[in-house]
Structure formats: C-alpha cells, structure tokens
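Trainee: Could you take me slowly through one helix, and then show me how the parts around it fit in? I am new to this, so please explain each term when you first use it.

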Amino acid sequence: MKTAIVYVSMHHKNTKKLVDAIAEQYDVTVIDGVRDHDFNLAEFDRIGFASGIAFGRFYPQMLKIMNDKLPEGKDVFFLYTYGVKAGMYCNAARKIAEAKKSKGPRRVRMPGLRHLRAYETDRRHFKGPP
Ligand SMILES: Cc1cc2nc3c(=O)[nH]c(=O)nc-3n(C[C@H](O)[C@H](O)[C@H](O)COP(=O)(O)O)c2cc1C
C-alpha cells in the first residue's frame with residue numbers, strides 16, 4: 001500500500017517535525033503542501049493530511065489542497081499540532097474527506113498518536129509562510 005503525507009507547517013514547523021519523525025520510521029512519500037505544487041495523489045492508496053491549527057481548523061492552505069487534490073475513495077488520515085487543548089480541530093477537514101467519499105478518516109496506529117499539543121509562542125508575531 002502506497003502512503004503519502006501532505007503537510008502544511010508554517011508557524012514553528014511543529015507539524016513538519018512530526019512528519020519528519022514519521023518518515024524516518026515508515027515508508028511514506030512526504031509532500032510539502034506549500035512548496036510542492038505539481039503533485040498527484042491519485043497514485044497513493046492512503047493519504048495523510050498533516051497541518052497546524054489556525055482559528056479552530058486546519059490551515060486554509062491545507063483545506064484548499066484537500067478540496068483541489070484529494071481524489072475520491074482514498075483511505076485518509078489526519079495529523080495535527082495545536083497550541084491549546086480544545087474541540088475537534090479536524091471537523092472542516094473531515095467534512096471535505098467525507099464529501100470525497102474517503103475511507104476513514106481513521107485513527108493512526110502508532111504509539112496512540114494522531115494529534116499533538118506543540119511548542120507555541122505569542123501568535124501575534126505570526127507573519128505567514130516564509
Ligand atoms: C494565526 C494562528 C492561529 C492559531 N489558532 C489556533 C487555534 O485556534 N487553536 C490552537 O490550539 N492553536 C492555534 N494556533 C497554534 C498552532 O496551531 C500551533 O502552534 C501549531 O503547532 C502550529 O503548527 P506549525 O508550526 O506546523 O505551523 C494558532 C497559531 C497561529 C499562528
């Protein structure tokens with residue numbers, strides 16, 4: 001089964017660190033959702049979407065990637081890092097996955113991890129992607 005993880009990590013690269021650690025242990029193709037534009041998810045069986053959280057949902061760049069690039073019927077999973085323990089941050093992403101008739105989204109089987117409270121600073125200094 002071919003697996004890809006698309007990530008959008010802009011604030012502290014927290015999500016990228018998580019994805020890099022996964023890629024060291026698992027056979028996955030990692031796609032930078034901000035810098036890589038010309039990628040095709042059709043060739044993958046299972047697709048992970050990894051994002052930081054902004055204003056209660058996945059980054060808008062990630063939601064756009066899901067809308068534009070996720071083919072129908074794929075096996076999908078989510079990873080996310082966030083600053084404050086709160087509600088269901090993957091609801092908007094889940095809705096897109098459901099509209100695309102994805103299998104899942106499902107819990108990722110690795111040390112119980114699928115989202116992570118991450119290093120955080122005063123977000124008023126956030127200036128967007130480099
Ligand atoms: C503009 C902005 C909005 C954010 N909104 C939330 C939020 O609603 N809830 C939360 O828990 N964390 C929020 N955060 C914190 C980030 O989700 C957290 O730092 C995350 O790990 C960033 O991931 P990244 O470094 O991969 O971009 C926000 C951060 C920024 C910069």
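Mentor: What follows begins with a single helix and then moves outward to its surroundings.

This is a predicted model, in which local features need pLDDT of at least 70 and side-chain atom pairs count only at pLDDT 80 or more, while totals for chains, interfaces and linings use all residues. Residues are numbered from 1 along each chain as its sequence is written.

The helix to look at is helix 2, residues 60-69, in which Met62, Ile65 and Met66 are buried. Helices (H or I, at least four residues) and strands (E, at least two) are DSSP runs, numbered from the N terminus. A residue is called buried if 20 or more other C-beta atoms lie within 10 Å of its own, exposed if 12 or fewer, and partly exposed in between, with the C-beta atoms placed from the backbone. Seen down the axis of helix 2, its buried residues fall within an arc of 95°, so they line one face of the helix; the arc is that of the directions from the helix axis to the C-beta atoms. An α-helix has 3.6 residues a turn, so residues three or four places apart point the same way. On the face of helix 2 turned away from its buried side sit the exposed residues Asn67 and Asp68.

The buried residues of helix 2 pack against strand 1, strand 3, strand 4 and helix 3 (91-99), where two residues are in contact if their C-beta atoms, placed from the backbone, lie within 7 Å. Helix 3 has buried residues of its own, namely Ala93, Ile96 and Ala97. These cover an arc of only 100° around the axis, which puts them on the same side of helix 3, whereas the face turned away from that buried side carries the exposed residues Asn91, Lys95, Glu98 and Ala99.

Ala93 of helix 3 leads us to the largest nonpolar core, which has 30 residues and in which Phe49, Ala50, Tyr80 and Ala93 have the most contacts. A nonpolar core is a set of buried Ala, Val, Leu, Ile, Met, Phe, Trp, Tyr and Cys residues joined through C-beta atoms within 7 Å. The elements that give two or more residues to this core are strand 1, helix 1, strand 3, helix 2, strand 5 (75-82) and helix 3, and strand 5 gives the most, with five residues.

Strand 1 also has a partner, since four bridges join strand 1 to strand 2 (residues 29-32) and the two run parallel; strands count as paired if DSSP finds at least two bridges between them. In this pairing, Tyr7 stands opposite Asp32 in strand 2.

Finally, consider the loop between strand 3 (46-54) and strand 4 (57-58), where Phe55 is found. Most residues other than glycine have a negative phi, yet phi of Phe55 is near 55°, a positive value. Phe55 is exposed, with 8 other C-beta atoms within 10 Å. Lys101, just after helix 3, likewise takes a positive phi of about 55°.

To set helix 2 in the whole, the protein chain has three helices and seven strands, which follow the pattern β-α-β-β-β-α-β-α-β-β along the sequence. Of its 130 residues, 31% count as buried.
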